[in-house]
Structure formats: structure tokens, C-alpha cells
Amino acid sequence: MQSKKPIRLVVLDFDGTIGDTQQLIISTMQKTIEHLHLPPRTAEQCKKMIGLPLKQTFTNMIAMSDEMGDKCVTTYRRIFDENNSPGTVPVFPHVLETIKTLKENGLTITIASSRSTPSLMQFIHDMHLGEEVSLVLSCDNITHPKPHPEAVVKTLQHTGFTPEETIVVGDAPYDILMGRNAGCRTVGVSYGNGSVEELKAAGADIIIDDFAHLLDIIQI
């Protein structure tokens, strides 16, 4: 990826980019829907919602009241916590090694996720990412969720870098649009929840099928 300025900041999504949470998320969505006696949704329908704020994943899939949307969030979080035992969510191949190499070469690594703070920080702790990641923004830290650029704008303000020095990496169209809306270049990963076609349609500058390819893009 060519740039007038060298890349110094990497903003990463979590679900589908770092952690392989897809099976746990879809299962929890479907159990939530069943528990609340809502119309069933397929795994594919649930998958398309991954990356949105939690309440919106349900209100987008099923017509419901605002109160029911809140019940979905509460129920989902309870079921998720019950089923999220240590080791349930694996890290995608080459993610940990690549992040470490990026950090060792002077890049700043941050995370911008639609996940809530408690579960996100627990995953970061369990995956031993705490020392590698300089800033973590969850859905609790922003007012406007993806694809709004707020999370990236806040990251830039906190770190002092410019959009030209930044790439945003994610697996869903919402991640790509968030990065583009902030004026950054974007990298889509094809192994997560979004399809290559969706990532291209969102305007990803480049799409990779292995997280380690970030080293080539950033020329490390």
C-alpha cells in the first residue's frame, strides 16, 4: 500500500478480525431469539448483523419495540457470559505474532470494537494482548457506532496521528466504511464475517486472506 507518509497507526476491529467469535455470537443470537419467543432467524441472517451494536443486531433482523430490543441485549449478554468459557474463542492464525511484530517495529496498535467493554477487555486479557494494544474503544466509549467514524476520530485525537498515517483493518463493511469516513485507508480481511464482495462494495483499499499480510502492506 503506497502512502505519502509511512503507516504509524493500525486500528483493528476485534470480532472476525482478531478473535473467531462467529460461532459463539450466532449461537447466542439464536438462543436469545428463542428464549424471547421471537421469529427464528438463520445462521446466515445472524452472521450479517455481526459488527453492529448489539441492540441494532436484533432490531435490524426483527421488527420489535424498543423495550424488546433492550430485553434482547440483556438476554444475549447473560447467555453469552454463560457460554463464553476460557478457550471458547480462538485467535485467528498469525494475529498475535503479527501484532507483536508491528509493535516491535514502532507502530501503534489500537482496537475499535462494537463489543461492550467487559467482554472485550476479558478477551484482550485472555489473548495476552494488553501489552501490545495502546488504546481500546468499545461501544461504551462512543456515541455514534460503526460505520460512523467517531471511534477512529477519537483514536486519532488520542494518539496524535493523522488519517494519512493510519490504516483501519476489519472483516465487515461497517469497519471499512468507518475507516473511509475518517479519511483513512482500509484493509479488509476475508476470513471473518463479511464476504469479499461486501468488503469490495464498501470500498476496501485492499483485501487480505491472512493477517500476516499486513506486514507486507506496511512494508515491514
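Start by selecting Gln-22, which in this predicted model touches Lys-47, Ile-50, Gly-192 and Asn-193, once residues up to four places away in sequence are set aside. Gln-22 lies in helix α1, which covers residues 22-35, and with a relative accessible area of 25% this residue is partly exposed. If you add Cys-46 to the selection, you will find its C-alpha atom 9.6 Å from that of Gln-22, although the two residues are 24 apart along the chain.

From there, step back to Thr-17, which is placed in the loop between β1 (residues 9-12) and α1. Is Thr-17 buried or exposed? At a relative accessibility of 0%, Thr-17 counts as buried. To see what surrounds Thr-17, show the residues that it touches beyond four places in sequence, namely Phe-92, Val-95, Val-169, Gly-170, Asp-171, Val-189, Tyr-191 and Phe-211.

Keep Phe-211 displayed and select Thr-98, for Phe-211 is also one of the residues in contact with Thr-98, together with Ala-212, Leu-214 and Leu-215, when neighbours within four places in sequence are left aside. Thr-98 is found in helix α5, residues 95-104, and is buried, with a relative accessible area of 2%.

The next stop is helix α6, residues 117-126, where the buried residues to colour are Ser-119, Leu-120, Phe-123 and Ile-124. Turn the view until you look down the axis of α6: these buried residues fall within an arc of 135 degrees, so they line one face of the helix. An α-helix has 3.6 residues a turn, so residues three or four places apart point the same way. On the face of α6 turned away from the buried side, select Pro-118 and His-125, both of which are exposed. Which elements cover the buried residues of α6? The cover includes helix α4 (residues 66-83) and the strands β2 (108-112) and β3 (133-137). Before leaving this region, look at His-128, just after α6, which takes a positive phi of about 60 degrees.

Now move along to helix α7, residues 150-159, and mark its buried residues, which are Glu-150, Ala-151, Val-152, Thr-155 and Leu-156. Their cover includes the strands β1, β2, β3 and β4 (residues 166-170), as well as helix α8 (residues 173-181). Strands β2 and β3 therefore deserve to stay displayed from the previous stop, since they are listed in the cover of α6 and also in that of α7. Just after α7, Gly-160 takes a positive phi of about 85 degrees.

Finally, zoom out and show the whole chain, which has 10 helices and six strands. Its radius of gyration is 17 Å, close to the 17 Å that the globule rule gives for 220 residues, so the chain is as compact as a globular protein of that length. Along its principal axes the C-alpha trace spans about 55 × 35 × 30 Å. Of the 220 residues, 50% count as buried, and residues 24 or more positions apart account for 65% of the contacts with a separation of 6 or more.

With the surface switched on, the chain exposes about 10300 Å², of which carbon and sulfur atoms supply 51%. Colouring by charge brings out 19 positive and 27 negative side chains, and the centres of these two sets lie 4 Å apart.

Conventions. Residues are numbered from 1 along each chain as its sequence is written. This is a predicted model: local features need pLDDT of at least 70, side-chain atom pairs count only at pLDDT 80 or more; totals for chains, interfaces and linings use all residues. Side-chain values use heavy atoms; hydrogens and water are left out. Helices (H or I, at least four residues) and strands (E, at least two) are DSSP runs, numbered from the N terminus. The radius of gyration is taken over C-alpha atoms; the globule rule is 2.2 Å times the number of residues to the power 0.38. Buried means under 20% relative accessible area, exposed over 50%, partly exposed in between (1.4 Å probe, protein chains only). Contact means heavy atoms within 4.5 Å. Accessible areas come from the Shrake-Rupley method with a 1.4 Å probe; for residues, only the protein chains shown count as cover. Lys and Arg count as positive and Asp and Glu as negative; His and the chain ends are not counted. The place of a charge is taken as NZ of Lys, CZ of Arg, CG of Asp or CD of Glu. The arc is that of the directions from the helix axis to the C-beta atoms.
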